[in-house]
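Here are my notes for you to read alongside the model. Have the viewer open as you go through them.

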Amino acid sequence: MPVNAERLGFVGIGLMGEAMTRRLLERGHAVTVWNLEPERLATVVPFGAVAAASPAAVAEASDIVLLCVLHTAAVEACVFGPNGIAAAARPDKLLIDLSTADPNATRDMAARLRRETGMGWVDAPVSGGPGGARDGTMTVMAGGAAGDIEAIRPLMRDMAGNFTHMGPSGAGQTTKMINQAIVGTGFVLMAEALALAEAAGIEAAQLPACLAGGFADSSLLRKLYPQMLARDFDPPRAYARQLLKDMKAVHGFADALGLSLPVVEAAAERYRAFVEQGNEMADSAAILRLYGGDPAR
């Protein structure tokens, strides 16, 4: 059934949820919002968002509900818990889960929501950080039924520079696992490259320009490396605890498939050590501190 996209809801106003909601409001959408910590609503309500008392209230006021929360358990709680989205679900509504969650659990939850309420579910995890969310250039990797994917394409044009349907339910989350494996190992690699450049005494700031166009060139080298070089970690763009959570999820997913990913496992171990030093809420790029590369700390 076609879904009316005029009324949007957003559940989960963290760093990414705030940025996406602000983007949607600026694009002229009406957005009803809820967050577990209600004080976070002050980041979007002054710009036109309408606060709701529960995820169910968001769903009642919305045609499409967007969800962006910390992990799989939080997704399940927001959808199927007391006063959850499912309580106000109908076949003419659609859920877009922008969280990073377990692919198998996502498939099960999507099937349950459809079976019990008729409401569709698209898993659509994102990459690009709060900056990409604010300017509508995120990468979105989606899983779900073809009809649901087509229904949200106009909305995705307001939110993403790259929106790709990767397959049935769970395919978006599987793709995000691969994305996080690349990102997590890449963050550690950039920190080690910078530590090596500075210790060797070369012009470390010239490295991205020097390597441009070669096999070592990448978005990480062009964007993340300069951030680390400048020790630009405050305010955080993404929390270290979140990337560690994602890296652990990649390891668990690979293990269930019978795969060993030693490089990913080594990067996860680096983030575990960093977080255990009290850096849960530090910027993920501050992993550089493990290499003695942040004089401010």
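The points below cover salt bridges, helix packing and a few single residues.

1. A reminder before anything else: this is a predicted model, and every number here was computed from it. Residue numbers run from 1 along the chain as its sequence is written.

2. How many salt bridges are there? The count comes to 15. I picked out a few that are worth clicking on.

3. Start with Glu18 and Arg40, whose side chains form a salt bridge with an N to O distance of 2.8 Å. Glu18 sits in helix H1 (residues 15-26), while Arg40 is in the loop between strand S2 (30-34) and strand S3 (50-51), so this pair links distant parts of the chain, 22 residues apart. Arg40 has a relative accessible area of 24%, which falls between the 20% limit for buried and the 50% limit for exposed, so Arg40 is called partly exposed.

4. Helix H1 has a second link of this kind through Glu26, which pairs with Arg134 at 3.0 Å, N to O. Arg134 belongs to helix H5 (residues 129-135), and the two partners are 108 residues apart. With a relative accessible area of 29%, Arg134 is partly exposed.

5. Next, look at Arg114 and Asp148, a salt bridge at 2.6 Å, N to O. Here helix H4 (residues 103-117) supplies Arg114 and helix H6 (residues 146-159) supplies Asp148, with their positions 34 residues apart in the chain. Is each partner buried or exposed? Arg114 is partly exposed at 37% relative accessibility, whereas Asp148 is buried at 10%. Elsewhere, Asp232, Arg237 and Asp283 are joined into one network by salt bridges that share partners.

6. Helix H4 also packs against helix H3 (residues 72-80). Their axes come within 11 Å and cross at roughly 5 degrees. An angle under 35 degrees counts as roughly parallel, so H3 and H4 are described that way. On the H3 side the contact uses Thr72, Val75, Glu76, Val79 and Phe80, and these meet Ala105, Met109, Arg112, Leu113 and Glu116 of H4. By type, the residues of this contact are six nonpolar, one polar and three charged.

7. Helix H9 (residues 219-229) is worth rotating until you look down its axis. Leu221, Leu224, Tyr225, Gln227 and Met228 are buried there. Where do they lie around the helix? The buried residues fall within an arc of 165 degrees, so they line one face of H9. Helix H7 (171-200) and helix H8 (207-211) are among the elements that cover them.

8. Two arginines deserve a glance in this region. Arg222 is in helix H9 and counts as partly exposed, at 46% relative accessibility. The C-alpha atom of Arg222 is 9.2 Å from that of Leu207, and the two residues are 15 apart along the chain. Just after H9 comes Arg231, which has a positive phi of about 50 degrees.

9. Last, a look at Thr32 in strand S2. At 13% relative accessibility, Thr32 falls under the 20% cut-off, so Thr32 counts as buried. Which residues does Thr32 touch, leaving out those up to four places away in sequence? The list is Leu8, Gly9, Phe10, Val50, Ala52, Val58, Ala61 and Ser62.

Definitions and conventions: This is a predicted model: local features need pLDDT of at least 70, side-chain atom pairs count only at pLDDT 80 or more; totals for chains, interfaces and linings use all residues. Side-chain values use heavy atoms; hydrogens and water are left out. A salt bridge is a side-chain nitrogen of Lys or Arg within 4 Å of a carboxyl oxygen of Asp or Glu. Helices (H or I, at least four residues) and strands (E, at least two) are DSSP runs, numbered from the N terminus. Buried means under 20% relative accessible area, exposed over 50%, partly exposed in between (1.4 Å probe, protein chains only). The arc is that of the directions from the helix axis to the C-beta atoms. Contact means heavy atoms within 4.5 Å. Axes are lines fitted to C-alpha atoms, for helices over the stretch in contact, and angles run from 0 to 180 degrees between N-to-C directions. Angles under 35 degrees count as roughly parallel, over 145 as roughly antiparallel, 65 to 115 as roughly perpendicular and the rest as oblique. Ala, Val, Leu, Ile, Met, Phe, Trp, Tyr, Cys and Pro count as nonpolar, Asp, Glu, Lys and Arg as charged, and the others, Gly among them, as polar.
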